[in-house]
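Please prepare a briefing on the fold and the nonpolar packing of the structure shown here, with the cut-offs behind each term.

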Amino acid sequence: MAVLVTGGAGYIGSHTVRALREAGRDVVVLDSLEYGHLKAIPDVPFVKGDISDQSLITKTIADHDVDSIIHFAAYKAAGESMEQPERYFDNNVAHAHAMLHAAYAAGVTRIVFSSTCAVYGTPEVVPVNEQAPLGPESPYGESKLMFEKILHWYDRCHDVTSVSLRYFNAAGASMEGGIGEDWTLSLNLVPIVMKAALERRGPVEVFGTDYPTPDGTAIRDYIHVDDLAAAHLLALRYLEDGGTTIAINLGTGVGSSVREVLDTTERISGVRIPRTLSPRRAGDPIQVFADNAAAKQVLGWTPVYGLDEIIQSAWTWHSTHLDGFGDEPR
């Protein structure tokens, strides 16, 4: 039996595909390659296509004897979603539902879903646990929450069990150095800092230096992509062992400030990071980090890596792959 990984040629998807293969799992990847890269995935069956193509989903499941799905294929830029909400609701909700329904009709009843801490919006209390109020503040976050709700009802109505993994800030690259994040379109802090360090962009803009935090900059929970990949395998095993539908936070439980990310990069790279100091952005929370007790208790998952390993692995990847996946063969 095989695991179908939708969006498996993307950043977190490709790391998870490698982890699945290392665990001896049969894997098939489905990806449109809109943002994914063939060079990011190992030698596994690959199907190019869109998750909205129900006949393709049905055929892929039959051809590869698929019995479970890890679903990554989604758009993920919160700012862009405010400008193009229709794009996010089409792909992250309507197309994802088309995939889910085709999978259920083909007999697949286990889904691991790549969700997000954006379902909480700006939390009232940190660390954030799974009982915190849900209040997305962008169509991106709303689209993820909507699919979580669809999964809930597919469990109630069709006995399709699922784990929705609510990531905090994914970062870093594979510890063995083979794959990492494509910084071409990324708006995440770590690749932006790497670009600045490697003179592929101007200074890093630090939004807000007067927050009530130890160094005045905002705090976020950065989690290593290899730790995220490991959690997907554990979520799959949880469902295979009869686990019930659940949503679980994935974070380290430790917050790191913007200044800490910059200082850590300077220490590890030996490069001075140019920066400009700007006022706070409207809507940016002071600090957000996870309560990950449920992940530890339910999945048996504990993050292995911290900020140093995140920055070291990102630096190793970006400094040796200045053009991302464009400078090496598959």
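**Packing and sheet order**

Leaving aside neighbours within four places in sequence, L250 is in contact (heavy atoms within 4.5 Å) with L165, R166, Y167, F168, I223, L228, A231, A295 and W301. This is a predicted model, in which local features need pLDDT of at least 70 and side-chain atom pairs count only at pLDDT 80 or more, while totals for chains, interfaces and linings use all residues. Residues are numbered from 1 along each chain as its sequence is written, and side-chain values use heavy atoms, with hydrogens and water left out.

**Nonpolar cores**

- The largest nonpolar core (buried Ala, Val, Leu, Ile, Met, Phe, Trp, Tyr and Cys residues joined through side-chain atoms within 4.5 Å, where buried means under 20% relative accessible area with a 1.4 Å probe, protein chains only) has 34 residues, and I12, L20, L165 and L250 have the most contacts inside it.
- The largest share of this core, nine residues, comes from α7.
- Apart from it lies another core of 26 residues, among them V47, I61, A96 and L100.

**Sheet**

- Seven strands (DSSP E runs of at least two residues, numbered from the N terminus) form an open sheet with parallel pairing, in the order β3-β2-β1-β4-β5-β6-β11, where two strands pair if DSSP finds at least two bridges between them.
- The edge strands, each pairing on one side only, are β3 (46-48) and β11 (246-250).
- Strand β2 (residues 26-31) pairs with β3 in the parallel sense over three bridges, and D31 stands opposite K48 in β3.

Technical notes: Helices (H or I, at least four residues) and strands (E, at least two) are DSSP runs, numbered from the N terminus. Buried means under 20% relative accessible area, exposed over 50%, partly exposed in between (1.4 Å probe, protein chains only).
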